[in-house]
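This report describes the architecture of a protein assembly, beginning with overall dimensions and ending with local helical detail.

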Amino acid sequence: MAKFLLLAFRNIFRNRRRTLMTLMMVGGGVAGLLLSGGYFAFMTHGLREDTINSGLGHLQIFTADHFQRDETRVLDTGIDNWRQVAASVNAGSHVRGIAPRIDFYGMVSNGTKAAGFKGSAVDPEAEKSLGFITRIESGRDLDPKPSGEVEALIGKGLAKSMNVGVGDGLTVLAMTSDGALNGVDVEIVGIINSGAPERDARYLRITLPAAQRLLQSDRVTNLVVGLDSTENTDQAYTEMMPRLNMLSQRMELKKWIDLATYYKQVNSMFNGIFLFMGIIVFFMVLMSSVNTLLMSMFERTREIGTMLAMGTPRSWIIALFVVEATLLGVMGAVIGLIAGNLLGALLNVSGLHMPPPPGYSVPMPFKVLRVPFQMIVSSLLVIVSMALASIFPAVRASRLRIAEALSHV
Amino acid sequence: MEEIVNVEAVSRRFPLDDRPASHPAHSFVSALSHTSLRIAAGEFLAIAGPSGSGKTTLLNLIGCIDQPTSGRILVDGVDTSKLKPAEMSKLRREKIGFVFQTFNLIPVFTAAENVEYPLLVQGVGSRERRQRVDEALGSVGLSARANQRPDLLSGGERQRVAVARAIVHRPALVLADEPTANLDTHNATQLIDLMHGLNQRLGLTFIFSTHDARLLEHTERIVRLTDGEVISDTTAQGGSRG
């Protein structure tokens, strides 16, 4: 067997130029997949952390009735004793902190014009302690304990449509738990540019006590849990569920992935593109390798005839070609892995930027992540492709008529 | 003496078109017609004749790398016409050694590895392989060149490696198709002497084809072919067997 493998290995280098071209093609395919896959991984990883750090958190606690709520009276299905709930889960491992929220809807008016908004009431200190980023384009963040008027941050699009800026006032109107319309005057202290224009066109943020006064309830709609690492989400979820089940109010715990609709769309789009590229590389390697291996077979016709004349089983001839192609695939994959990682490292230090992804207004840095799974899949893809490409030439070689093969010139 | 090859009324026709043989317009060329030949074990036999006389065809048929159109061939008592392809392959592997006109060594293998190949195919263990390769290379006087690749060997050396490869697995029969065609006279004579010596020393049956009359001087039996027919079968003593 060792001699047979040696024969296959040495055969690879009989025509060095052709072997080099094949290795470049196979290696190029692997490197291309690694670079594109690494870039997609960087994008999705960045988007994941960005999504979590922009306020989604790793886990969110809702009441079981929250998802059947009436959007005009969101606190009807809110969490009653949210401090108790927060305390019961805060002790869990990997929990970095908990931020209470009220997601509510209403209208803003500047006296001459009104617009609908999707508001979020937060505890600024809790948000900060969890590292949630508020992208304030102008002005400042909310003061946790304002001395004067109720402070508000509004989205860039909403500010534009309402024709207001930092320092201006607005009246915020929303439905209380009793069904009455309540209003509060706010002072705009900052304009938010989250990078998602659709969101910014309707966004308003005030402090939690202000929202509770407006909605006349001390409930919250949800508790956002921040963990020490995204990778611990599943473990924290498993640990947290029994604690929540012990509470009198029925709760529902959601992982970030369940709430990150946009992330899931982008991720599945990148996975689709990667799969498509993989298929292209697979067929590219397959078709060009069939041609190369057929040429190799024709060149060795007399030698194959000699081997068959000496009683070599035809299955050995097939195996010889398949092993040769597989070895070429392995070598090409190794070259591709080295080239892909080197090019990726170069791109990472180049400082290149790509245009903003769909729905974003901020350019993305061009970086390539090293993803072991992609390395394995890309390598296996070209190795299998090479092995498959060898089957047709191998079977043809094994079926040669010995007498004709021996007289082949 | 024990019979190693029995060729019984063998014909070999090659089609010149794709029509079936039963088609009235089917055309073919006849390479061998109703040829019969008996070869005893241990003989040193030359098949002589001009180009196109059917020498290679006859050797291919005896070597089980081609099938006769009619007639049958027995090798070591086995009727080769009744063998399946895998059985033919086994017969060649175990009982026949080949020497080709163009040496046909595997270029990426060393001389020793080329000689080792038939043993590898037979599944002989590595220790025994090494020992038998050393013996075979020693018997053709190439022990010192064992680790050279074919491209670094002269034509005569390459053909001696091919002879070593043909005898290493101790076959019942060695077939050599024009083994001296690519050699100068000196190397050609040396090769025939080498094969003759191995025939005498090891008792191996050698059948070789040639169209060079000078190489027939030391040959005990000469079968002459012309246009696919045996025209004479003579021994060194001047006797006729036909």
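A compact globule of 409 residues would have a radius of gyration near 22 Å, whereas the value for chain A is 31 Å. The model is a predicted one. The C-alpha trace of chain A extends over about 100 × 50 × 30 Å along its principal axes.

The domain assignment splits chain A into two parts, domain 1 (2-51 + 263-406) and domain 2 (65-249). Taken over C-alpha atoms, the centres of domain 1 of chain A and domain 2 of chain A are 51 Å apart. The secondary structure of chain A consists of 14 helices and 12 strands. Of the 409 residues in chain A, 39% are buried. Among contacts in chain A with a separation of 6 or more, 82% join residues that are 24 or more positions apart.

**Helix packing in chain A**

Two packed helices are described by the angle between their axes and the distance between the axes. Helix α10 (residues 261-299) of chain A and helix α13 (residues 372-398) of chain A have axes that come within 8 Å and cross at roughly 30 degrees. The crossing of α10(A) with α13(A) is right-handed. On the side of α10(A), the residues making the contact include A:Phe282, A:Leu286 and A:Leu293, while those of α13(A) include A:Met386, A:Phe392 and A:Arg396. By class, this contact has 16 nonpolar, 4 polar and 1 charged residues.

**The interface between chains A and B**

Contacts between the chains involve 16 residues of chain A and 19 residues of chain B. On the side of chain A that touches chain B, at least two residues each are supplied by α1 (2-12), α11 (301-309) and α14 (402-406) of chain A. The residues of this side comprise 7 nonpolar, 4 polar and 5 charged.

The class composition of the helix contact and of the chain A side of the interface is set out below.

| Contact | Nonpolar | Polar | Charged |
|---|---|---|---|
| α10(A) with α13(A) | 16 residues | 4 residues | 1 residue |
| Side of chain A that touches chain B | 7 residues | 4 residues | 5 residues |

**A covered helix in chain B**

How many residues of helix α1 (residues 55-62) of chain B are buried? The helix is mostly covered, with 8 of its 8 residues buried. The buried residues of α1(B) are B:Lys55, B:Thr56, B:Thr57, B:Leu58, B:Leu59, B:Asn60, B:Leu61 and B:Ile62. After α1(B) comes B:Cys64, which has a positive phi, near 60 degrees.

Note on methods:
Residues are numbered from 1 along each chain as its sequence is written. Chains are lettered from A and ligands numbered from 1 in the order in which they are written. This is a predicted model: local features need pLDDT of at least 70, side-chain atom pairs count only at pLDDT 80 or more; totals for chains, interfaces and linings use all residues. Domain bounds come from an automatic or database domain assignment. Two residues are in contact if their C-beta atoms, placed from the backbone, lie within 7 Å. Helices (H or I, at least four residues) and strands (E, at least two) are DSSP runs, numbered from the N terminus. Ala, Val, Leu, Ile, Met, Phe, Trp, Tyr, Cys and Pro count as nonpolar, Asp, Glu, Lys and Arg as charged, and the others, Gly among them, as polar. The radius of gyration is taken over C-alpha atoms; the globule rule is 2.2 Å times the number of residues to the power 0.38. A residue is buried if 20 or more other C-beta atoms lie within 10 Å of its own, exposed if 12 or fewer, and partly exposed in between; C-beta atoms are placed from the backbone. Axes are lines fitted to C-alpha atoms, for helices over the stretch in contact, and angles run from 0 to 180 degrees between N-to-C directions. A crossing is left-handed if the near helix is turned anticlockwise from the far one by less than a right angle, and right-handed if clockwise.
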